[in-house]
Amino acid sequence: MLPQSRLHLTCRSCQAQARAPRSYHHQAQTVVRGAPSPATTSGGVGVLSSLAEETPAEGQEQDGQTQMERPGRMLLLSELRVRNAAYDVSLSRSVLTWKRRTSSTVYHPFRPRFCVPSFPRRRPDPGVGHTVSVSEILSVREEEENSSRRRDDGSWKKIKEREGKDCGPAFTVSYVERSPHHRWRCAEVTFACPEEALCQHWVSSIREQLATIVSRPKRLLVYINPYSGKRQGKRIYERKVAPLFSQAGVSTHVIVTERANYARDHLKTGAELQKFDGVVCVGGDGMFSEIIHGLIWRTQIDGGVDPNCPEEALIPCTLRIGIIPAGSTDCICFATVGTNDPVTSALHIIVGDSQPMDVCSVHHNNAFLQYSVSLLGYGFYGDVLTDSEKKRWMGPARYDLSGVKMFLTHHYYEGTVSYLPAKGIMGTPRDAARCRSGCVVCQHNRQLLPEKAEMYEVDEASGSESDSEWRTLRGKFLAINAASMSCACPRSPKGLSPAAHLADGTTDLILVRKCSRFDFLRHLLRHTSKDDQFDLAFVEVHRVRRFRFTPRHCQSDSDLDLRENGKHQIFSQICRDHPACGCAPAYSSWNCDGEILNHTAIDVRVHCQFIQLFARGIEEPKVFEELPNPCAI
Ligand SMILES: CCCCCCCCCCCCC/C=C/[C@@H](O)[C@H](COP(=O)(O)O)NC(C)=O
Ligand SMILES: Nc1ncnc2c1ncn2[C@@H]1O[C@H](COP(=O)(O)OP(=O)(O)O)[C@@H](O)[C@H]1O
Ligand SMILES: [Ca+2]
């Protein structure tokens, strides 16, 4: 904490004036308690290196503690060199800034080095300067003289050579740099210092600031599914993610899964979760589903709650989950980060982002089946998943092939849908506004929840679930989809329900009634265009807290599921495999975040903000374009 770094201020303006440039007038020497006293002279190279904090103006003497806790207050100010050009570099609690000295006549455009070479760089205006939020600094290291570092192209390069022959002591700061399409990259800037003590002081001060960010994980439990997507999970982790974790000082315990449900079972029973600050999964939506099942289960057991009992109030999971995308759809990563890029996800984990997320619990006849965070789809998406599982060897392309096939089969399914509309909330599924980082709709609707939840629970306890609140629809449906988030993914960048919210305690129930193939195609194609996919006569969408579905052929209480009804399953399979067959199957199956459910009659309820991710939601471009830039003021 920064009380240790309390600075004792001694105005030395009169001494400094003689050799300091005008801009340094009235700066104060700073001494960090417990740290070596830094040199404050330029070392005769025409560079003033001062460790400075603004002296409070006379008559404005304030309580020192209060001053230090102000986020914008400067902790250090020095003139350092970047690529042999002089920069004014300052550190406050919230930002690190460096600005090219305007007095310089030689033009050396500053170019940060990037860890990933393919990123298209914008050349910053050297007169404006550069500002990096301390919360987005990944690490700082002191460069050893004559040390070598690996270049992006894999070759080795001497630091001295890079910095120029008289670089002297130097330190390098790695930080988050935003690039197009919500991608983050690790950028680096090296500051050459006139003296070793000053260099060490900068390094320790930045480290001190980083240590105050308690939300950053230090130890992570990592599960890798080696068979996800294009089977690149291990490689992606080792090449792109592990080096970043190690650079940022994050320790990991890595487990490569040996079978399906290995990670889930390990989390349920074996994992020593108290040793970790978060769980990371390397894989697709199916792998993420395993992780949440393991974690939710474990949280209930550790908290003395029966996870199978539908009447129990479940305990939310506080251990954050990170997703390194390596799967086929990567919808959960895409909708929470804005891209399915492993480096971006790793950086969100390192900086310790948090994003709460809704979770749906799915029950059949009061018995727990599964949790879902993205899509629960019956009909089209259920059939696509069932068909694509047989083509897993094809990798992500299996969904395209099965999608076309299921579009051509054009099966519809009869059944009854009942739902409990989310009343009194902010937002509708037809809004133009989107769920974005710091979403006010999610915050507002979360606050509404306790009294609403209570109301429904009272109704449930009385056995008659407020019939007036429930609405029921019967019909023939091509698709019944519940999207608890937008379900945006590379296949559909705006998603199944573009205005759905990550953490508002609701799910968007989308009903696509029987229509012609042409009309269904119009609906599907609108997922990929700007047109509203709900603005069609045969499509309706409702924002709900809870819903039930019962297929027509099992509307009695003794619901027959697909696996029990062997005879029916055989006919369904024949019909699926032979689209020319005129006989429509009675049942589809539920696609629950990419897993097929065993039952078709289900009862779904949303648990608001039930899990936490290492993400921050999708950032609007203006969030970073409008970052305060004290250099420019
Ligand atoms: C004929 C034109 C069709 C265009 C339709 C575009 C809509 C695509 C929307 C896909 C929404 C997917 C929601 C996410 C589901 C994932 O949980 C699941 C499993 O993903 P995983 O394999 O674990 O990465 N993937 C699928 C396709 O069901
Ligand atoms: N070692 C393993 N061998 C086989 N299957 C696995 C293994 N680890 C996890 N799985 C399962 O693989 C399935 C697909 O995983 P996922 O990561 O979602 O990849 P994809 O996005 O390609 O579907 C999940 O159902 C998961 O339970
Ligand atoms: Ca939601």
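**Close-up views of ligand 1 and the nonpolar core**

**View 1. Polar contacts of ligand 1 in the predicted model.** A polar side-chain atom of Asn591 sits 2.9 Å from an oxygen atom of ligand 1. Aspartate 285 also contributes its side chain: one of its polar atoms is 3.2 Å from a ligand oxygen. Serine 328 takes part through its backbone, with a polar atom 3.3 Å from an oxygen atom of ligand 1. On its own, ligand 1 exposes 720 Å², and the protein buries 87% of that area.

**View 2. The shell around ligand 1.** Two elements each supply two or more residues to this shell: helix 7 (285–302) and helix 11 (397–409). The ligand has 18 residues around it. Those that come nearest are Asp285, Gly286, Thr329, Tyr399 and Asn591. By class, seven shell residues are nonpolar, seven are polar and four are charged. Domain 2 (216–354 + 614–633) provides at least three residues of the shell, and domain 3 (359–608) likewise provides at least three.

**View 3. The largest nonpolar core.** This core contains 67 residues. Tyr223, Leu267, Phe288, Ile291, Leu295, Phe380 and Ile611 have the most contacts inside it. Helix 7 gives the core its largest share, six residues. Both domain 2 (216–354 + 614–633) and domain 3 (359–608) give residues to the core, so it lies between them.

**View 4. Helix 7 at the ligand and in the core.** Helix 7 spans 285–302 and gives two or more residues to the shell around ligand 1. Asp285 is among the residues that come nearest to the ligand. Helix 7 also contributes six residues to the largest nonpolar core.

Notes:
Residues are numbered from 1 along each chain as its sequence is written. Chains are lettered from A and ligands numbered from 1 in the order in which they are written. This is a predicted model: local features need pLDDT of at least 70, side-chain atom pairs count only at pLDDT 80 or more; totals for chains, interfaces and linings use all residues. Side-chain values use heavy atoms; hydrogens and water are left out. A residue is near a molecule or strand if one of its heavy atoms lies within 4 Å of it. A polar contact is a pair of N or O atoms within 3.5 Å; within protein, one must be able to donate a hydrogen and the other to accept it, and residues adjacent in sequence count only if both atoms are side-chain atoms. Accessible areas come from the Shrake-Rupley method with a 1.4 Å probe; for residues, only the protein chains shown count as cover. Helices (H or I, at least four residues) and strands (E, at least two) are DSSP runs, numbered from the N terminus. Ala, Val, Leu, Ile, Met, Phe, Trp, Tyr, Cys and Pro count as nonpolar, Asp, Glu, Lys and Arg as charged, and the others, Gly among them, as polar. Domain bounds come from an automatic or database domain assignment. A nonpolar core is a set of buried Ala, Val, Leu, Ile, Met, Phe, Trp, Tyr and Cys residues joined through side-chain atoms within 4.5 Å. Buried means under 20% relative accessible area, exposed over 50%, partly exposed in between (1.4 Å probe, protein chains only).
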